[in-house]
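Biologist: Please take a close look at one part of this model, beginning with a single cysteine and its surroundings, and then follow the links between side chains outward from there.

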Amino acid sequence: MYTRAGSFTCYKCDNGTYSNAGAPECTVCEPGKYSLRQQKYSCTNCESGKYAQTYRAVTCDDCAAGQVSFEGGPCEACPAGKYSLSGDVGCTNCTPGTFTVFDQMPECTECSVGYVAPRSGMTSCKICPMGTRTNFLVAGTNCTACESGRYSDDGASYCTDCPLGYYGPPYSTANGACTACPIGYRAGKLGSVNCTECVAGKVAASTGTVNCTLCDNGKKVSSDRKVCHACPAGKYSPTAGVDCENCTAGSYSDSASTSCTDCASGFSQPKGGQSACNECPAGRRSNALSGSKNCTWCDDGKFAGSNGLAECEVCS
């Protein structure tokens with residue numbers, strides 16, 4: 001209340017003003033404070049979360065969403081990583097899986113697929129690296145490693161089966177990528193967790209092989225299943241995928257042969273696995289129709305005057 005000069009009457013201060021005892025006039029409340037007529041000696045600070053923007057205020061208004069105030073102070077923006085609703089008395093951290101990148105935000109935003117915010121109060125989401133994924137059904141709080149036999153690129157929400165010819169061991173490296181099967185091995189199904197060595201008679205001559213293949217006739221598989229080698233001279237392979245076998249006595253073969261050739265008349269071969277037949281020496285003959293193992297001596301009264309004869313001649 002106040003009194004005017006020369007007056008014996010006290011008057012109530014208007015709303016938004018106050019006075020001390022004996023004051024000749026009322027004082028206006030400053031921004032951030034308010035008063036009603038029932039209040040006598042001071043203005044009241046606005047409660048936290050509210051503010052009076054003008055002088056002579058009789059009430060305080062809620063701070064806008066994204067802003068807060070402390071008793072009597074102005075409304076101030078919540079920093080990035082926090083938010084507030086209208087009238088809140090303090091800023092609240094964004095929960096894991098959400099973020100705010102700007103100040104003065106009324107709510108937090110969920111991380112996009114393939115991104116995560118593992119902690120509260122984050123100002124951005126982090127991309128999930130290769131070999132990991134997020135759960136596309138809920139806001140991401142962490143990246144999960146791809147299962148064995150699967151892979152992913154950066155920022156993935158799901159993992160993909162390794163392609164044919166590749167395998168994916170348990171996640172252990174930074175890139176998490178699938179690996180091509182080495183030479184001699186194959187992966188014939190999607191999502192393989194390991195490669196299978198080619199069976200006997202088959203090869204995988206390049207990395208990333210889906211199916212092993214048979215060696216052609218006349219060839220054999222190397223011990224490491226990586227390449228087909230031609231059967232050496234003296235051996236043969238009649239069927240694809242079958243190992244090389246020795247030619248029998250009385251026959252021979254060149255390299256990469258699918259069969260052996262019988263020794264011709266006048267020739268013989270007593271051993272197996274040979275690359276040529278031996279010419280019968282003078283005094284001996286070989287007239288077998290196919291595959292002589294040995295040359296025989298001429299009968300009494302006959303002779304063979306040169307090498308490689310099939311028959312002996314009668315002495316004259």
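Modeller: Leaving aside residues up to four places away in sequence, cysteine 111 touches Gly97, Thr98, Phe99, Val116, Ala117, Cys125 and Gly140. Three of these neighbours, Phe99, Ala117 and Cys125, join Cys111 and Met122 in the largest nonpolar core, which has 5 residues. In soluble globular proteins, nonpolar side chains tend to be buried together.

This is a predicted model, and the protein chain averages a pLDDT of 86, with 91% of the residues scoring at least 70. Over residues 171-175, however, the pLDDT is below 50, and this stretch has 10 contacts in the model beyond near neighbours in sequence.

Turning to the charged side chains, the structure holds 4 salt bridges. Arg133, Glu147, Arg150 and Asp161 are linked in a network of such bridges. Within that network, the side chains of arginine 150 and glutamate 147 meet at 3.8 Å, N to O, a distance that falls within the 4 Å allowed for a salt bridge. Aspartate 161 and arginine 150 also form a salt bridge through their side chains, at 3.1 Å from N to O. Because aspartate 161 lies in strand β20 (residues 160-161) and arginine 150 in strand β19 (residues 150-151), this pair ties together parts that are 11 residues apart in sequence. Arginine 150 counts as partly exposed at 30% relative accessibility, glutamate 147 is likewise partly exposed at 36%, and aspartate 161 is partly exposed with a relative accessible area of 34%.

A further salt bridge joins the side chains of lysine 50 and aspartate 62, at 2.5 Å from N to O. Since lysine 50 lies in strand β7 (residues 50-51) and aspartate 62 in strand β8 (residues 61-62), the pair ties together parts that are 12 residues apart in sequence. Lysine 50 is partly exposed at 25% relative accessibility, and aspartate 62 is partly exposed with a relative accessible area of 43%.

As for links between cysteines, the count comes to 18 disulfides. One of them joins cysteine 146 and cysteine 159, whose sulfur atoms are 2.1 Å apart. Cysteine 146 lies in the loop between β18 (144-145) and β19, and cysteine 159 in the loop between β19 and β20, so this pair ties together parts that are 13 residues apart in sequence. The link is left-handed, with -85° about the S-S bond, and both cysteine 146 and cysteine 159 are buried.

Cysteine 231 and cysteine 244 form another disulfide, with their sulfur atoms 1.9 Å apart. The link of cysteine 231 and cysteine 244 is left-handed, at -85° about the S-S bond, and both of these cysteines are buried.

The sulfur atoms of cysteine 298 and cysteine 312 are 1.8 Å apart in their disulfide, which is left-handed because the torsion about the S-S bond is about -80°. Cysteine 298 lies in the loop between β36 (296-297) and β37 (302-303), while cysteine 312 lies in the loop between β37 and β38 (313-314), 14 residues apart. Cysteine 298 counts as buried at 16% relative accessibility, and cysteine 312 is buried with a relative accessible area of 12%. Cysteine 315, by contrast, is in no disulfide, and the nearest cysteine sulfur, that of cysteine 298, is 8.6 Å away. Cysteine 315 is partly exposed, with a relative accessible area of 43%.

Terms used. Residues are numbered from 1 along each chain as its sequence is written. This is a predicted model: local features need pLDDT of at least 70, side-chain atom pairs count only at pLDDT 80 or more; totals for chains, interfaces and linings use all residues. Side-chain values use heavy atoms; hydrogens and water are left out. pLDDT is the predictor's confidence in each residue, from 0 to 100. Contact means heavy atoms within 4.5 Å. A nonpolar core is a set of buried Ala, Val, Leu, Ile, Met, Phe, Trp, Tyr and Cys residues joined through side-chain atoms within 4.5 Å. Buried means under 20% relative accessible area, exposed over 50%, partly exposed in between (1.4 Å probe, protein chains only). Helices (H or I, at least four residues) and strands (E, at least two) are DSSP runs, numbered from the N terminus. A disulfide is a pair of cysteine sulfur atoms within 2.5 Å.
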